[in-house]
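Subject: Structure handover

Dear colleague,

Here is the structure you asked for, with the sequence alongside. My notes on what turned up in it follow below.

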Amino acid sequence: MSNRRRVILVTDGDEYAKRTIEHVAREIGGRCISRSQGNPSKLSGPEIIRLIKEAPHDPVLVMFDDSGIVGEGAGEKALKYVATHKDIEVLGIIAVAAKSRHEEWARVDVSIDRDGVLTPYGVDKFGIPELEIGRINGDTVYCLDELDVPIIVGVGDVGKMARHDSYKQGSPITKKAVELILERSGFHGKK
């Protein structure tokens, strides 16, 4: 039996993302590493691994943020470290769209627009479908194409999307993205 911790990675870490991810983690019976919040990320990969291992149960939701830094910033360095760690099984990644001064992009397997509709197109930070299929622009997505993960789900700005994903409304878009990752991974069927 594997002792690998099963995690969902989220490429956003501002205060809105924190409230949203904490709420969704409670809703699905998972855990959120609240200390991974930061814009940009403040914790290193090894520090986040320690916190994941201390979580009482899976799935564990973890936030990473580069705050618009070009190339591989602190959030992406930590994300890569966690995603490739031998004790971690990444169930999926929620790739969050952003409008940064320097466009970075990544491939996504599917996106969820601000109305909760699955789409093959990428979405912008407001959750509105873009013109390109399977591609999202953001500021903490630069390294995602290098990772071997089961699914990457694109969404607009977590906890925002013109209030369509407000935690006061239950963060329905982020919750749907997490549920999609759990469903595709077979998480609830694994013991």
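Which residue in strand 10 does glutamate 104 stand opposite? The residue facing glutamate 104 is glycine 138. Please keep in mind throughout that this is a predicted model.

Strand 5 and its partner

Strand 5 covers residues 104-107, and its side chains alternate between two faces. Glu104 and Ala106 point to one face and are buried, whereas Trp105 and Arg107 point to the other face and are not buried. The partner is strand 10: the two strands pair in the antiparallel sense, over 4 bridges.

The open sheet

Seven strands, in the order 2-3-1-4-11-6-7, make up an open sheet with mixed pairing. Strand 2 (31-32) and strand 7 (118-119) are at the edges and have a single partner strand each, so one side of each has no neighbour in the sheet. Inside that order, strand 1 and strand 3 run parallel and are joined by 4 bridges. Valine 10 stands opposite methionine 63 of strand 3.

Threonine 119 belongs to strand 7. Is this residue buried or exposed? Threonine 119 counts as buried, because its relative accessible area is 8% and the cut-off for buried is under 20%. Setting aside neighbours within four places in sequence, threonine 119 is in contact with Val110, Ser111 and Asp113. Its C-alpha lies 13 Å from that of arginine 107, and the two residues are 12 apart in sequence.

Glutamate 22 is part of helix 1 (residues 15-28). Not counting residues up to four places away in sequence, glutamate 22 touches Cys32 and Ser34. Between the C-alpha atoms of glutamate 22 and valine 10 there are 12 Å, with 12 residues separating the pair along the chain.

Nonpolar cores

In soluble globular proteins, nonpolar side chains tend to be buried together. The largest nonpolar core here has 31 residues, and Leu9, Ile52 and Leu144 have the most contacts inside it. Strand 1 (5-10), helix 2, strand 3 (60-63), helix 3 and strand 4 are the elements that give two or more residues to this core. Apart from it there is another core, of 27 residues, and Val10, Val24, Ala25 and Leu180 are among them.

What does leucine 144 touch, residues up to four places away in sequence not counted? The list is Thr11, Leu79, Ile93, Ala95, Ala106 and Ile152. Ala106 is also one of the buried residues of strand 5.

Salt bridges

How many salt bridges does the structure hold? There are 13. Three pairs and one network are described here.

Glutamate 54 and arginine 50 form a salt bridge, with 3.1 Å between the closest N and O atoms. Both residues lie in helix 2 (residues 45-54), 4 residues apart, or about one turn of the helix. Glutamate 54 counts as exposed because its relative accessibility is 52%, while arginine 50, at 41%, counts as partly exposed.

Helix 2 also takes part in a pair that reaches outside the helix. Aspartate 87 and lysine 53 meet through their side chains in a salt bridge of 2.6 Å, N to O. Aspartate 87 is in the loop between helix 3 (74-83) and strand 4 (88-96), and lysine 53 is in helix 2, so this pair ties together parts that are 34 residues apart in sequence. Aspartate 87 counts as buried at 19% relative accessibility, and lysine 53 as partly exposed at 43%.

Lysine 80 forms a salt bridge with glutamate 146, and the closest N and O atoms are 3.1 Å apart. Since lysine 80 lies in helix 3 and glutamate 146 in the loop between strand 10 (135-138) and strand 11 (152-155), the pair ties together parts that are 66 residues apart in sequence. Lysine 80 is partly exposed, at 24% relative accessibility, and glutamate 146 is exposed, at 52%.

The network of salt bridges links Arg5, Arg6 and Asp58.

Aromatic rings

The search of the whole structure for aromatic pairs returned 0. Two rings do have a charged residue over the face. Arginine 19 lies over tyrosine 16, 5.3 Å from the ring centre, and lysine 125 lies over phenylalanine 126, 5.9 Å from the ring centre.

Regards

Conventions
Residues numbered from 1 in each chain as written. Predicted model: local features only at pLDDT ≥ 70, side-chain atom pairs only at ≥ 80, totals over all residues. Heavy atoms only, no water. Salt bridge = Lys/Arg side-chain N within 4 Å of Asp/Glu carboxyl O. Buried < 20%, exposed > 50% of the residue type's maximum accessible area, 1.4 Å probe, protein only. Core = buried A, V, L, I, M, F, W, Y, C linked by side-chain atoms within 4.5 Å. Contact = heavy atoms within 4.5 Å. Phe/Tyr/Trp six-rings, centres within 6.5 Å; stacked < 30°, edge-to-face > 60°. Lys NZ or Arg CZ within 6 Å of the ring centre and 35° of its normal. Pairing = 2+ DSSP bridges.
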